[in-house]
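Trainee: Could we go through this one together?
Mentor: Yes, have a look at it first and then ask away.

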Amino acid sequence: MAHDHAHIDPESGDRRVSLAIWANALLTVAQIVGGVFAGSLALIADALHNFSDMASLVIAFVARKIARRPADARMTFGYGRIEIIAALINYTTLILVGIYLIYEGGMRMIDPPAVAGWTVVILGGVALVVDTLTALLTYSMQKGSVNIRALFLHNLSDALASVAVIIGGTLIILYDLRWVDPAITIGIAVYILYLALTEIGGPIRMLMLGSPPDMDAGAVVKAMTSVEGVGDVHHVHLWQMQEHEVALDCHVVLVSRDWADLETVKRALKTKLEDDFGITHSSLEFETSDNAHDGAALFGHKDGAKNAGEEPGA
């Protein structure tokens, strides 16, 4: 199973993220000042969301830098999983912001304050421009990175929230509907929670060493057992070492009662795993039919009957 992703020069990608950081920082300051002056919780809510975006951008920027470090004695698989951790932090931040905004919006619904509608509309328009720019900067990068996808969804939700803020400000100017401001805040918060809760499962699954969601583990096993010379496989572990690097280790039972065909079977297995599923990192431990585990689990490492002999690894 091959995976196609958009590739952007790392330095170019860093410049995009850096530009987005500065744009969101300036916007956050402007919205907080304007929100306090206008008495608009929706504007402050949008500012808090933008602030979380700025923090997320900083985390993602640092994670991108660290992820490019080569493997060493301390991190033998390399540093690529730092981007998965960054994505988890960013989604968790979104959830916390969403919960806080629902609480504040509910309090304001009870006693809606006066809101300066024109200030809300103007700053909401500025926010929409910045949020749209940031989303465009990260759009092509998010297709191949869970870390950048978290940022893209942050900014996409920001752009939609800015549209809601502009609509709310317009209704306040035209009809003095004060309750609209906290109502829009709650709506923004619910949307933020929806985005975060639907996306956070991916990083969690990767950190839990789950098998890739778009890869059928049963199909992998079936393909391996179809290779000539393979009698069975068990103790299969399939996980993502990094976002786009899948790894597999398992025990392979040879049909023969000796090791004569081991190297031939091993080469055939590794070639099939790479060609059919894009698995370039595989650790295979071999057993002959005479010393194979009895009743061993297909997935995981629960032992069945005791080994009858030693197993040379490969």
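**The sheet and the helix across it**

Mentor: In this predicted model, strand 2 and strand 3 run parallel where they pair, and seven bridges link them.

Trainee: And which residue stands opposite Ser 283 in strand 3?

Mentor: That is Asp 249.

Trainee: What is the strand order in the sheet, and is it open or closed?

Mentor: The sheet is open, with its three strands in the order 1-2-3 and with mixed pairing; strand 1 and strand 3 are the edge strands, each pairing on one side only, and from one strand to the next the twist averages 15°.

Trainee: Which helix lies across strand 1, strand 2 and strand 3?

Mentor: Helix 8 does, and it runs at about 135° to strand 1.

Trainee: Which residues of helix 8 are buried?

Mentor: In this helix, which spans residues 217–225, the buried ones are Ala 217, Val 220, Val 221, Ala 223 and Met 224. Viewed down the axis of helix 8, they fall within an arc of 160°, so they line one face of the helix. What they pack against is strand 1 (230–242), strand 2 (245–254), strand 3 (281–287) and also helix 9 (262–277).

Trainee: What about the start of helix 8?

Mentor: There, Asp 216 brings a side-chain oxygen to within 2.9 Å of the backbone nitrogen of Gly 218.

Trainee: Changing topic, how many helices and strands does the chain have?

Mentor: The chain has nine helices and three strands, following the pattern α-α-α-α-α-α-α-α-β-β-α-β along the sequence, and 45% of its 314 residues count as buried.

How values were computed: Residues numbered from 1 in each chain as written. Predicted model: local features only at pLDDT ≥ 70, side-chain atom pairs only at ≥ 80, totals over all residues. Heavy atoms only, no water. Helix = DSSP H or I, 4+ residues; strand = E, 2+ residues; numbered from the N terminus. Buried < 20%, exposed > 50% of the residue type's maximum accessible area, 1.4 Å probe, protein only. Arc of directions from axis to C-beta. Contact = heavy atoms within 4.5 Å. Polar contact = N/O pair within 3.5 Å; in protein donor to acceptor, adjacent residues only side chain to side chain. Pairing = 2+ DSSP bridges. Axes fitted to C-alpha atoms, helices over the stretch in contact; angles between N-to-C directions.
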